[in-house]
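User: Please take a close look at the aromatic packing in this model. I would like the ring geometry, the burial and the surroundings in one connected account.

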Amino acid sequence: MRVVVSTALRDAKPMRFSLHPRFFLPIRFSQQGVRNDERIFPSYGRYLRIGRHLSTTSLNESGDPVDSFSPGFTDNTLVAQKVSAQEQKLRPSLIQETSLFGKWRALLTDPFRLAVESDFSRRGPAKTWRSRLLVDEFENRSDLALWSCLLDYQKRVNGDVGVLDIWKGLWGRKSLYNVQSPLAPVFWQTILEAAVKSDDAKFLTSIWIYSEWMYDLHGVKWPQLYSTVLSHFLRTHQHHQALQWQLRLTPNFYPGPEQFGSIVKQFAGDHELHRAHTLESLYIVNPDRQLYDTLIPYLYNLGASQLAAKWRRICSLHDDIPLVPVPVRPFLRFMQGYFPHVPLHPEESAAIGDFAFEPAKDSKSIELSREFVNRVHGETFGISVKKYNDRLGAKWLASSWVSLDIAISTISALGVEQIGPLSLQSIALREGTPGGVLQRIEQLRKQGISVVDSNYSRLMLHLAGIRDEELLLDLLNSDLHPDVFDDSELQARLIVSTAMSKEWRTHRLLLATRLVVMEKSAREAANALAYAFILRRDQKGLSRLLDDMKAMDITVDSRQTMLIFNNLVSEAKSTFLSPDSLYFYLSISRQLTYMDVPVPVRCWRKILFCLARQRRIDDLENVCIELVDIFTSFQSSRPGFVPVHPENIPEPMQKPLSGVDNLLGVYVPLDLPTRTPLHPLRQIFDNKMLGTIMRCSFYSSPRRQSSAVPTMQGFRQQSGDFFGGRAVRLVRTLRDRGLFVDKERVATWVKLRLVTLYGPGYPITRTSRVVRAKNALTLREMKSLLDEAWGGEFLPPAEKLQEQIEWRGLKVAAQNRKYLQDRGRTTPQLRVVI
């Protein structure tokens, strides 16, 4: 039985006892019960009220916040949440068995006696008590169970003040140093947490002195002393205190690199600590600098790539290099791809297998695979080529006298590129858990070894993927041969026979196999239907199908997506698409994007060019803002990341993906700066694209359009639907949403357009002459409108702007005259315009 302290405690003797709980049990209290508790335990009633509302939340939260992503969470929130979950696992349980209190179990239910025995100064209930206190009896001086009873009572009744009273009594007696008892973690942690929160610095200092006494005379350490003290001062941003206590506690209480790494991971996302270099200072004075392998991959997997890069620089400066290559490879390939100017440490290069090797220019390109080398050796020594024997390989992989790592490396060195279901079964049996099976599959893939496609292997991967450990173990320990799972007729007979004989484990396995086979058939049918819809250009049918596939979690094949993308690019010659085709491809591209299927940069550029040159300004604004939001704040199935098409990621990130089947995209951290040259937004909105948007917008005539982006509507009404001003406002909106935009370059494009409207001479194109003739604004009015569109000073003062336009206009006029002369044409005159 579990109970929370209440008025009934006086007469109850429960089997379990909750010591001042901070994580609340899902027990409902009546309003009357809560009021009674507040009357007897005034400082504790507050916790009881809160417990009614927070109990289900605190008990049902996932241990890994990455598994459930909530909108509005920042990277720092994810970092803090994940480490908080890890911290909670390390903290001692606050639910104590009453049997642990031994002979003091009856004392737990006697509040009056507890009040007397914890009155060490004898100024309260013990003032008239004639006997010695229990803790002063010789046989009880080091009785942790007795001290735990007194501590819990004072904590419940008087809070941290009561804990301080207990500590003063313990400090004066110096008789307790037991850290092995099951009651010890909660006892010592309760005192320590009260000390770090106390305004009296002497409280914590006395604990440090006492802990040194425990260690010096009795060889025991105060539990969680280092991590609790450091975490408190880091959480409250007390930089000097954190460094001071780091120096104090490190000599005797340093917990080791693993726990130190957990502390750093917990606060790595705190910008205040990073700004003050607090964590870096702790890392420098730390005796063990082994953070690279744990902190860098951890931050990168949360999407905090820039924070990971900062810590990589700190670690590299102090010769903290990766010792385990596998966890850091994704981050290092990301750095090598998007930041090629950042030099890597030799150990980092070795971790990703990047060795500078330049083949001879006259040498022929020969693929030196393992099979090729083995074949050459076989011909040399007269050994014929033998195929991989799955049964023999399964026995080798099942051998307990050799580790799995060595067994897999051996078959890899022999040139084996594919194993069968029996070998996969042997590997899975030695792992025994879904996570272990998935890790071994990934290890095989990295070694260049694939698994024969069969219903057995497909079922195993499905069960491991959904973490169904019970059914996975049933599959691995089943007497059925893997070939049975590929024989549908035999399966049908076995399903009937196992149901009649009530062999439910085998029956469940066979039904699960049918389910997996049905999923494969559904995927194949859905993709075949998608192929037909694409060829028929059936937007409604394809759209409905994609919605159904998303709802049923059916993956789109890369063959279908590439057909859509290639058709779009090939059809959009000279950046022109008919309205039907344009909106067909735009709708499908949007739908694929929100299915986590990335669209190549070349397709988005074609769509944007078509919208700009066809003067579809409303749709252009919508798509531009959607694209910036997708690559800066998109909530994908992997929080903190956004999927990018494989053809738009850097080459170092493409190399390890060459053998992946049905590769739709690669996840890239959302915090990748948009000023990076290879960022997808930088590739989409390059100078040519932004210049085209600006030019086409200035040359557009107002037309009736549907309402678009809400942030743009107010400006439209004020600007009289002037598209040039809307283009400036659009670029500013994109910059505010995260796109890297060079303001001076945008201003230059605008000035070139103003030359057409206000410069000397006459434009040579008919479109420019029509736009100039329809312009009714003076230069000063135009400048005011564009400044308003930008939201601040955008163009230079009117006088200076006029001078720049005159100067640029003369240059443009000279270029135009030369252009016309070369083609035997004359400069347009005013009468031509009229």
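Analyst: A residue is called buried when its relative accessible area is under 20%, exposed when that area is over 50%, and partly exposed in between. Tyr210 has a relative accessibility of 0%, so Tyr210 is buried. Trp171, at 30%, is therefore partly exposed. The model is predicted, and the account below describes that model.

The whole structure contains 25 aromatic pairs. A pair of rings is described by the distance between the centres and the angle between the planes. For Trp167 and Phe203 the centres are 6.5 Å apart and the planes make an angle of 35°, which is a tilted arrangement. The two rings come from distant parts of the chain: Trp167 belongs to helix 6 (residues 160-173) and Phe203 to helix 8 (residues 201-218), with their positions 36 residues apart in sequence. Trp167 and Phe203 are both buried.

Trp171 and Tyr210 form another tilted pair, with 6.4 Å from centre to centre and 45° between the planes. Because Trp171 sits in helix 6 and Tyr210 in helix 8, this pair ties together parts of the chain that are 39 residues apart. One partner, Trp171, is partly exposed, while the other, Tyr210, is buried.

Trp171 also has a charged group over its ring: the charged end of Lys174 lies 3.6 Å from the ring centre. A charge over a ring occurs elsewhere in the model too, where Arg638 lies over the face of Phe641 at 3.7 Å from the ring centre.

The two pairs belong to a cluster joined by ring pairs, whose members are Trp167, Trp171, Tyr177, Phe187, Trp188, Phe203, Tyr210, Trp213 and Trp222. Two residues of that cluster, Trp188 and Trp222, also appear among the residues that touch the most other members of the largest nonpolar core. That core has 177 residues. Ile191, Trp311, Phe685, Leu754 and Leu786 are in the same group of most-connected members.

What does Trp188 contact, leaving aside its neighbours within four places in sequence? Trp188 is in contact with Leu170, Leu176, Tyr177, Asn178, Val179, Tyr210, Met214, Trp222 and Pro223. Tyr177, Tyr210 and Trp222 from this list are also members of the ring cluster. Separate from the 177-residue core, there is a second core of 31 residues, which includes Ile449, Tyr456, Leu472 and Val516.

For comparison with a polar residue, Thr674 is found in the loop between strand 6 (666-669) and helix 33 (680-684). The relative accessible area of Thr674 is 10%, so this residue is buried. A polar atom of the Thr674 side chain lies 2.8 Å from the backbone oxygen of Gly738. Beyond its neighbours within four places in sequence, Thr674 has contacts that include Thr632, His679, Gly738, Leu739 and Phe740.

One further buried residue is Leu820, at 3% relative accessibility. Leu820 lies in helix 40 (residues 798-822). The C-alpha atoms of Leu820 and Ile764 are 8.5 Å apart, although 56 residues separate the two along the chain.

Conventions: Residues numbered from 1 in each chain as written. Predicted model: local features only at pLDDT ≥ 70, side-chain atom pairs only at ≥ 80, totals over all residues. Heavy atoms only, no water. Phe/Tyr/Trp six-rings, centres within 6.5 Å; stacked < 30°, edge-to-face > 60°. Helix = DSSP H or I, 4+ residues; strand = E, 2+ residues; numbered from the N terminus. Buried < 20%, exposed > 50% of the residue type's maximum accessible area, 1.4 Å probe, protein only. Lys NZ or Arg CZ within 6 Å of the ring centre and 35° of its normal. Polar contact = N/O pair within 3.5 Å; in protein donor to acceptor, adjacent residues only side chain to side chain. Contact = heavy atoms within 4.5 Å. Core = buried A, V, L, I, M, F, W, Y, C linked by side-chain atoms within 4.5 Å.
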